[in-house]
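User: I am new to this structure and would like a close look at a single part of it. Could you take me through the largest cavity and then show me what else helps in reading the model?

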Amino acid sequence: MKFLIVLFAVILGCQAVSFFDLVREQWNAFKVQHNKSYESETEERFRMKIFMDNAHKVAKHNQRFEKGEVTFKLGLNKYADLLHHEFVSLLNGFNRTKNGIVKGSDRLESATFIPPAHVTLPDTVDWREHGAVTPVKDQGHCGSCWSFSATGALEGQNFRKTKKLVSLSEQNLIDCSTRYGNNGCNGGLMDNAFRYIKDNGGIDTEESYSYKAEDEKCHYNPKNKGATDVGFIDIESGNEDALKAAVATVGPVSIAIDASHEAFQLYSSGVYVDPSCSSQDLDHGVLAVGYGTDEKTGQDYWLVKNSWGPSWGAEGYIKMARNQDNQCGVATQASYPLV
């Protein structure tokens with residue numbers, strides 16, 4: 001009897017060691033893959049503990065995915081060593097007030113989008129296939145999502161006008177549009193960026209005004225202008241049908257979403273649906289580049305380009321639930337520039 005007890009204890013011990021070794025291997029691979037280094041051994045142990053907790057959450061969630069209980073998967077991306085509140089404070093920079101009313105929501109100097117009449121919209125749209133979308137960019141540890149959303153929309157409109165895809169400078173917007181109500185790495189609004197570009201007579205190219213992920217002194221040079229706008233169009237707040245018509249007929253559209261939940265931080269693939277998402281408390285600017293319906297689940301989705309690099313999500317993109325009561329506020333604050 002004692003032999004069996006000892007044997008059972010040895011087996012349990014081996015399993016525990018094996019699990020720890022597996023996590024340690026994952027941790028070491030994570031550090032190499034994402035070029036992670038830490039200031040001290042204490043800091044690394046702290047980050048490894050967060051990573052282990054997130055690994056457990058990912059495993060539990062993905063078990064639910066395999067059972068068909070949820071429509072998206074999670075993964076251990078480059079943000080897996082961050083506490084959730086750290087992640088939100090570092091990356092979500094769409095300005096909003098405490099009561100959920102978006103700053104600047106009076107939307108001056110804009111017109112409202114009127115969906116085209118007698119037009120049959122396609123079931124699926126992906127502006128990447130038409131060459132209107134630049135590669136996924138990375139905002140780094142700077143709350144400048146609004147600037148990436150704005151440049152993405154203008155890149156698309158400029159492409160449709162000129163047939164040339166020019167990557168535009170987010171750093172230009174960060175440094176130079178503060179007078180219009182934007183706050184650089186501390187947040188901003190896409191409409192304010194469009195206002196600045198119009199009054200400034202243009203925005204520099206990415207190549208000429210490179211991204212630094214920090215607030216710097218404005219050094220716009222009109223000789224390096226890559227595009228301009230003459231105003232912007234707002235889409236009726238909360239109207240997903242109008243947003244669909246705009247994405248289908250106009251091109252990529254700037255949108256703001258509630259990205260404040262842990263599942264969004266670790267999203268990997270599938271159609272993102274979160275019952276706790278708000279349609280009014282928006283904290284992240286992104287770009288709607290298309291829409292469609294998932295073949296496996298039949299779930300309608302928006303194809304959304306993020307600015308957290310290609311290692312996040314589905315190569316930098318996320319499919320967000322469509323026709324589901326304005327899930328996460330995808331249609332609450334949508335707009336695009338006029339060129």
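Analyst: Here is a walk through the largest cavity, followed by a few residues and a word on confidence.

Please keep in mind that this is a predicted model, in which local features need pLDDT of at least 70, side-chain atom pairs count only at pLDDT 80 or more, and totals for chains, interfaces and linings use all residues. Residues are numbered from 1 along each chain as its sequence is written, and side-chain values use heavy atoms, with hydrogens and water left out.

Let us start with the cavity. On a 1 Å grid over the protein atoms alone, a cavity is a set of points where a 1.4 Å probe fits but cannot get out. Grid points are joined across faces, edges and corners, and a volume is the space filled by probe spheres set on the points. There are 2 cavities of 30 Å³ or more, and the largest cavity holds about 90 Å³. Its lining consists of 15 residues, of which Phe148, Ser149, Lys305, Asn306 and Ser307 are the closest to its centre; a lining residue has an atom within 4 Å of a point.

Which elements give two or more residues to this lining? They are α4 (145–162) and β9 (284–293), and α4 gives the most, with 6 residues. Helices (H or I, at least four residues) and strands (E, at least two) are DSSP runs, numbered from the N terminus. By type, the lining has 4 nonpolar, 7 polar and 4 charged residues. Here Ala, Val, Leu, Ile, Met, Phe, Trp, Tyr, Cys and Pro count as nonpolar, Asp, Glu, Lys and Arg as charged, and the others, Gly among them, as polar.

Now for a residue in the loop between α4 and α5 (170–176), namely Lys163. Lys163 is exposed, with a relative accessible area of 63% (exposed means over 50%, buried under 20%, partly exposed in between, with a 1.4 Å probe and protein chains only). Its phi is near 65°, a positive value in a residue other than glycine. Most residues other than glycine have a negative phi. Asn323, in the loop between β11 (317–321) and β12 (335–338), also has a positive phi, near 60°, and Asn323 is partly exposed at 43%.

Finally, a word on confidence: pLDDT is the predictor's confidence in each residue, from 0 to 100. The protein chain averages 90, and 89% of the residues score at least 70. Over residues 1–16, pLDDT stays under 50. Where pLDDT is low, the predicted coordinates should not be read in detail.

Key
On a 1 Å grid over the protein atoms alone, a cavity is a set of points where a 1.4 Å probe fits but cannot get out, and a pocket is an open set with protein on both sides within 12 Å along at least five of seven lines; lining residues have an atom within 4 Å of a point. Contact means heavy atoms within 4.5 Å.
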